[in-house]
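Reader: I would like to learn how to read burial, overall shape and ring pairs in a model like this one. Could you take me through it step by step?

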Amino acid sequence: QVQLVESGGGLVQAGGSLRLSCSASGSINSISAMGWYRQAPGNQRELVAAMPTGGSTNYADSVKGRFTISRDNAKNTVYLQMNSLKPEDTAVYYCNANTITGATMFRYWGQGTQVTVSS
């Protein structure tokens, strides 16, 4: 099992920046990918950025050029640097980690952190 704890959300004005952090513990050696998702009221949860272990990162079109995902393996932490924030970025942001055991993928989620961007 993997436990994820997020931090770094808050209220920021449009054009501002925030950095989210997600610390992983537990079976971290079995993690195949980590990423960030978000969910705005009335919307489905959507992928923001993903970082497969040993693979290339990918981003939602809406955040390309503004958000950067990074990972510090020594600290078992993944970050999401968010610049040039827009009101439409307002959502609850969730950290995600996937593990693969045999042919089964398990998905783990953090508790979520609120990001609010005011206009």
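Author: Gladly! Let us begin with burial: a residue is called buried when its relative accessible area is under 20%, exposed when over 50%, and partly exposed in between. Keep in mind that this is a predicted model. Trp 36 makes a good case: its relative accessibility is 0%, so Trp 36 counts as buried.

Reader: Where does Trp 36 lie in the fold?

Author: Trp 36 belongs to strand E4, which covers residues 31–39. Its C-alpha atom is 9.0 Å from that of Val 78, although 42 residues separate the two along the chain.

Reader: How many helices and strands does the protein have?

Author: The protein has zero helices and eleven strands. Reading from the N terminus, the order of elements is therefore simply β-β-β-β-β-β-β-β-β-β-β.

Reader: What share of the 119 residues is buried?

Author: Buried residues account for 39% of the 119. Contacts add to that picture: of those with a separation of 6 or more, 54% join residues 24 or more positions apart.

Reader: How do I read the radius of gyration?

Author: Compare it with what a compact globule of the chain's length would have. For 119 residues that value is near 14 Å, and the protein has 14 Å, which agrees. The C-alpha trace spans about 45 × 30 × 25 Å along its principal axes.

Reader: And what does the surface look like in numbers?

Author: About 6,200 Å² is exposed, with carbon and sulfur atoms supplying 48% of it. As for charge, there are 9 positive and 6 negative side chains, and the centres of the two sets lie 4 Å apart.

Reader: Now to the rings. What describes a pair of aromatic rings?

Author: Two quantities do: the distance of the centres and the angle of the planes. In this protein, a search of the whole structure finds one aromatic pair. Tyr 37 and Trp 109 form that pair, with 5.0 Å from centre to centre and 75° between the planes, an edge-to-face arrangement. Tyr 37 sits in strand E4 and Trp 109 in strand E10 (residues 104–109), so the pair ties together parts that are 72 residues apart in sequence.

Reader: Are these two rings' residues buried or exposed, or something in between?

Author: Apply the cut-offs from the start of our talk. Tyr 37 has 16% relative accessibility, so Tyr 37 counts as buried. Trp 109, at 31%, counts as partly exposed.

Methods
Residues are numbered from 1 along each chain as its sequence is written. This is a predicted model: local features need pLDDT of at least 70, side-chain atom pairs count only at pLDDT 80 or more; totals for chains, interfaces and linings use all residues. Side-chain values use heavy atoms; hydrogens and water are left out. Helices (H or I, at least four residues) and strands (E, at least two) are DSSP runs, numbered from the N terminus. The radius of gyration is taken over C-alpha atoms; the globule rule is 2.2 Å times the number of residues to the power 0.38. Buried means under 20% relative accessible area, exposed over 50%, partly exposed in between (1.4 Å probe, protein chains only). Contact means heavy atoms within 4.5 Å. Accessible areas come from the Shrake-Rupley method with a 1.4 Å probe; for residues, only the protein chains shown count as cover. Lys and Arg count as positive and Asp and Glu as negative; His and the chain ends are not counted. The place of a charge is taken as NZ of Lys, CZ of Arg, CG of Asp or CD of Glu. Rings of Phe, Tyr and Trp (its six-membered ring) pair if their centres lie within 6.5 Å; planes under 30 degrees apart count as stacked, over 60 as edge-to-face and the rest as tilted.
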